[in-house]
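Trainee: I should like to learn how to read a sheet and its loops in a model of this kind. Please take me through one case.

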Amino acid sequence: MKKSILFGFLLFFCAQVIYGQEGFHFDTNKNKITIPFQFINNLIIIPVSVNGVSMNFLLDTGVEETVLFSLDDTNEVSFSKLEKIKIRGLGSNADFDGFKSVHNNLVINNYIDLNHDIYLVLDQNITISSQVGFPVNGILGYHFFKNHMVKINYATTTITIFRNAVKGLKHVRRNYVKMPLELINNKPYIIGTSSFEGQQSSFSAKFLLDTGNCDALWFFKQNDSRINIPKKTIEDFLGIGFSGEIFGKRGKIMGLELSKFKFSNPIAAFPDTIATCNLDKNIGRIGSIGSEIIRRFTMVLNYKANEVYFKKNHHFDDPFHFNMSGIEIQHKGLQWISSSYEDNPTLSNNLFKSSGEKIINNLKYRFELKPIYVITNIRKNSPAAIAGLQKEDIIVTIDKKNAYNFTLQEINELLKSEEGKLIEIEIDRNGKTLKFKIQLQEVY
């Protein structure tokens, strides 16, 4: 299963928003701009230049404003006219301080905004980088989409921005399925039809279309009495918002329909009401459709026309899996690792002793920075918990291979790869090395 970390933070800003900005526009005569992205743990990461400094941002339809929360691995960046504000986000903690900066330059290939507002939340406890194993500095939302039609192709990991939506739609209308899109508080909502066990009929309701949510579905039980939490569920860590950690239940519902597209037994998350008590109940929203659903399509968003288009890709029929290990892993910094290498392999291959033995006299050592991975959550009664693994264990090896030679994405893929698969994990616990074997197991 995809790692269950939520990044669609659904921020609520207590500062006044300034409208009437020109926003992103084309800095080229081309009719469309193509932007490659990295798709890591169901999240879209794009390169963004902020005031001349290169950074990485999560592209998240579930947020309105642009947020910067990390300056790690970047050069010094300047911001003007900082204004202190209060910010509240998804999670159980209280409001916290942030800053608003205006008149910033954002450049993404030839897609630019020279008068962009940024909200700064420079808190070491708020990070996406540790969840994806890749440096991520901030979140970009509504303003990326508002002026032009945008196509997200998950199969090719590219984003295409169209200068003229009318021309771009000629091909789309022939090959895609159109759905109405409603923008509320500058966030996109669509209608989906849900089916729950124990109910005689399905019902339709409003969902946030949220590319910043790694899961398939979230339901807010307190928003609609028709939502039935499945009898078979697991208590799980659901994600991290700007206001703290989020816990709740996971279980499979009977089905979900989006226009003519049907999904059987998708996995849904049901967050605790404390974390979601203020979320859009007044507009009829019952939950979110996240990237575990969205990645199964090529999606075209046309905010100006209030419409979205979907076309199946080769991931459409992928099964929905729970996390079969019960482990949540994060990237926790870097370590120096030494490795040997031959300075001149060609020369070495031609040096021999009189006895015929090869002479290796050019062996050298170098030091490289490698990632450190730590277990941050263990699901109760999971294979990992039964084996004896614990929170804060540092992973040393996986199947006798050094953990630092894996990416976080590769580790997560391995831990959900095949029911019954036996995985050997060596860990460091307070300076003591321990070995464990876990057998991947579907929840039910």
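Trainee: Which order do the strands of the open sheet have?

Mentor: Strands of a sheet pair through backbone hydrogen bonds, either parallel or antiparallel. Here, an open sheet of six strands follows the order S3-S13-S12-S25-S26-S14, and its pairing is antiparallel. Strand S3 (32-36) and strand S14 (177-180) are at the edges with a single partner strand each, so one side of each lacks a neighbour in the sheet. On average, neighbouring strands of this sheet are turned by 20° against each other, direction ignored. Strands (E, at least two residues) and helices (H or I, at least four) are DSSP runs numbered from the N terminus, and two strands pair if DSSP finds at least two bridges between them. Axes are lines fitted to C-alpha atoms, for helices over the stretch in contact, with angles from 0 to 180 degrees between N-to-C directions.

Trainee: On what basis are such features reported?

Mentor: The model is predicted, so local features need pLDDT of at least 70 and side-chain atom pairs count only at pLDDT 80 or more, while totals for chains, interfaces and linings use all residues. Residues are numbered from 1 along each chain as its sequence is written, and side-chain values use heavy atoms, leaving out hydrogens and water.

Trainee: Which strands pair with S12?

Mentor: S12 (residues 149-153) pairs with S13 (residues 158-162) in the antiparallel sense over five bridges. Four bridges join S12 to S25 (residues 297-302), also antiparallel. Val-150 shows both sides: it stands opposite Ile-161 in S13, and its bridge partner in S25 is Leu-301. Asn-153 has Thr-158 as its bridge partner in S13.

Trainee: Are the residues of S12 buried or exposed?

Mentor: Buried means under 20% relative accessible area, exposed over 50%, and partly exposed in between (1.4 Å probe, protein chains only). Five of the five residues of S12 are buried. Met-149, Lys-151 and Asn-153 point one way from the strand, and Val-150 and Ile-152 the other way. Helix H3 (residues 165-175) lies across S12, S13, S25 and S26 (307-312), at about 45° to S26.

Trainee: What is the phi of Thr-157?

Mentor: Most residues other than glycine have a negative phi, and most peptide bonds are trans. Thr-157 has a positive phi near 50°; it is in the turn of the hairpin formed by S12 and S13, with four residues between the strands. Thr-157 is partly exposed, at a relative accessible area of 28%.

Definitions and conventions
Contact means heavy atoms within 4.5 Å.
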